[in-house]
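Here are a few notes to help you find your way around a structure that is new to you. Keep the 3D view open as you read, and take the points in order.

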Amino acid sequence: MVIVGAGFAGLAAARDLTGQGHDVLVFEGRDRVGGRSLTGNVAGLPADMGGTFVGPTQNQVLALADELRVPTIPTYHDGKNVIHWRGAVRPYSGTIPRLSLAGLLDIARLRWQFERLARGVPISAPWDAPRARELDGVSLGQWLRAVRATGSSHELMAIMARVTWGCEPEDVSMLHATRYVRAAGGLDRLLDVENGAQQDRFAGGTQQIADLAAAELGNRVVLDAPVRRIDRHGAGVTVTSDQGQAEAGFVIVAIPPAHRAAIEFNPPLPPEYLELARHWPQGRLSKAYAAYSTPFWRANGFSGQALSDNGPVFITFDVSPHDDGPGILMGFVDARAFDSLPSEQRRRDTLRCFASLFGDEALKPLDYADYRWGSEQFAPGGPTAAVPPGSWTKYGRLLREPVGPIHWAGTETADEWTGYLEGAVRSGRRAATEVSALL
C-alpha cells in the first residue's frame, strides 16, 4: 500500500492501515511531514505558520492529538476586540463588529439568508441541492450584490473569504461557500473563538502531531520523494518517486486536488479528472508574527483579536504563551501585494498594521517572522481550495471517486470540517477504510 503525501490526511491513513497489519509506504515531496501544518518559531517560541486552531466537534484531530499526548491550550479572548475601519479604530465585542445599527441589521439579514441556503445543501452531494446550479453559477461576491449587501457588509464578508479560502468573494462559488460553512457546523462555529473553530490551539504547534505520527511509522515515511508517476496495471500500481519506485495493490493520493496534475498517470486519468484539478485551485494566504516582552494589549483591556480594512494584515489573534510574556501577535495577511515584497518591507508593513490596532508599542518587537504559502516551490498555496463558480456541479462528483486502485484523500475531500486539520484526518481515515475493505 502506497500513500502519496505525509500531511495529516496521509499520516492518518497510514496509521489506520498499519494498525490493521497492512504494509504501508508513504512518499512525501517535502523535506518534512505535516503538509499545510508547519511550525516555525518567533523569539525562540513555536509559531504555527500553517494550520493553527482546533475547536468543538473537531473530534478526530483532537483524538489523534490525545493519542500522541499533545495537549491543547485555550486561545486568549478576554477583553475588547478592535477594528480599523474607514480610517477609524474602535473597540467591539463578539464576533461581528457593530459598525452602525444599519450595518448590524444588514449583517443579521445576510447571515440569515446565507445560513438558510446552507441548510439546503447536502454536504456529501452538494450538486444535488435544489438550487445547486443557480448557486454554483455565481460567486459569493455576485450573491452579495444580488441581495443588496451594504458596502460594509460586503467588506466584512471579504475578510471572511480571505481568511477561510485565501481569496476574494468574487473567486469562490456560492455553492462552495454554503457547503463549506455547513460542513463546519454553521457560521458561528466557523467564525467564533469561544465554542468555535478558533477555541483552542497546541502550545507546541500543530506540526508536532505530524512529527510524532511519522515517528511511529519510522522508515515507512520517505521524505524528499515527490511522486512523478503512477502506473496502473493488473496487479495494482507502480508509484515512481524521486527516491525510487514501489509496487502496491492500491495507492492513496493525499494531496490537494490542484496538485494532482503534477503527477503523470499511466494510463491517463479520465479527462474530467484533469479538469477537476484545474478547477479546484488553492487559495493564497500568508501569516505574520511579532513577539514582544509582554502582551501589552492585555494591560490596555484588549483581547488581541482585531479586524482591519487597511491591509496587509486583515485579522489578528493573541497567541502568547503566558500572561506575563512574551506577548505574541499573529496576523493573517493578504498575500496579493505582500508576498512579492522584500522581507524588510513585509516586516514594516505588518508592524504598521499592528500599531494601527494596538498602539505604537507594536512597532518595536523582540522578533518578527512571516510565511508565504503561495511562494513555496513545492505544492504552493493555502489554506485550502478556493473553488470557483461552476466547479462543484461539473466536477464535484469526482473529488474522491476512485479510479481503479487510485483513491483520494486530503482535507478538500472531507465532508465535515473541509479545509481544516480535522477534515484532513477524517479524509485519510475514510480513504483507509475504503482501501482496507478491498484489501
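**Notes for a first look**

1. Let's begin with the domains. The assignment splits the chain into domain 1 (2-36 + 204-269 + 403-437), domain 2 (73-79 + 197-202 + 284-375) and domain 3 (103-188). Please keep in mind that this is a predicted model.

2. Next, the pair formed by domain 2 and domain 3. Their C-alpha centres are 27 Å apart. Domain 2 gives 10 residues to the contact, and domain 3 gives 8 residues.

3. Now turn to helix α2, residues 59-67. Which residues of α2 are buried? They are V61, L64 and A65. These residues lie on the same side of α2, because they span an arc of only 100° around the axis. On the face turned away from that buried side you will find the exposed residues D66 and E67.

4. What covers the buried residues of α2? The cover includes two strands, β5 (53-54) and β9 (200-202), together with α1 (8-19), α9 (207-217) and α15 (421-438). Just after α2 comes R69, with a positive phi near 60°.

5. Two of those covering helices, α1 and α9, also pack against each other, at an angle of about 35° and with their axes 10 Å apart. The crossing of α1 past α9 is left-handed. On the α1 side, the residues that meet α9 are F8, L11, A14, R15 and T18. Their partners in α9 are I209, A210, A213, A214, E216 and L217. By type, the residues of this contact of α1 with α9 are 8 nonpolar, 1 polar and 2 charged.

Terms used
Residues numbered from 1 in each chain as written. Predicted model: local features only at pLDDT ≥ 70, side-chain atom pairs only at ≥ 80, totals over all residues. Heavy atoms only, no water. Buried < 20%, exposed > 50% of the residue type's maximum accessible area, 1.4 Å probe, protein only. Helix = DSSP H or I, 4+ residues; strand = E, 2+ residues; numbered from the N terminus. Arc of directions from axis to C-beta. Contact = heavy atoms within 4.5 Å. Axes fitted to C-alpha atoms, helices over the stretch in contact; angles between N-to-C directions. Left-handed = near helix turned anticlockwise from the far one by under 90°. Nonpolar A, V, L, I, M, F, W, Y, C, P; charged D, E, K, R; others polar. Domains from an automatic or database assignment.
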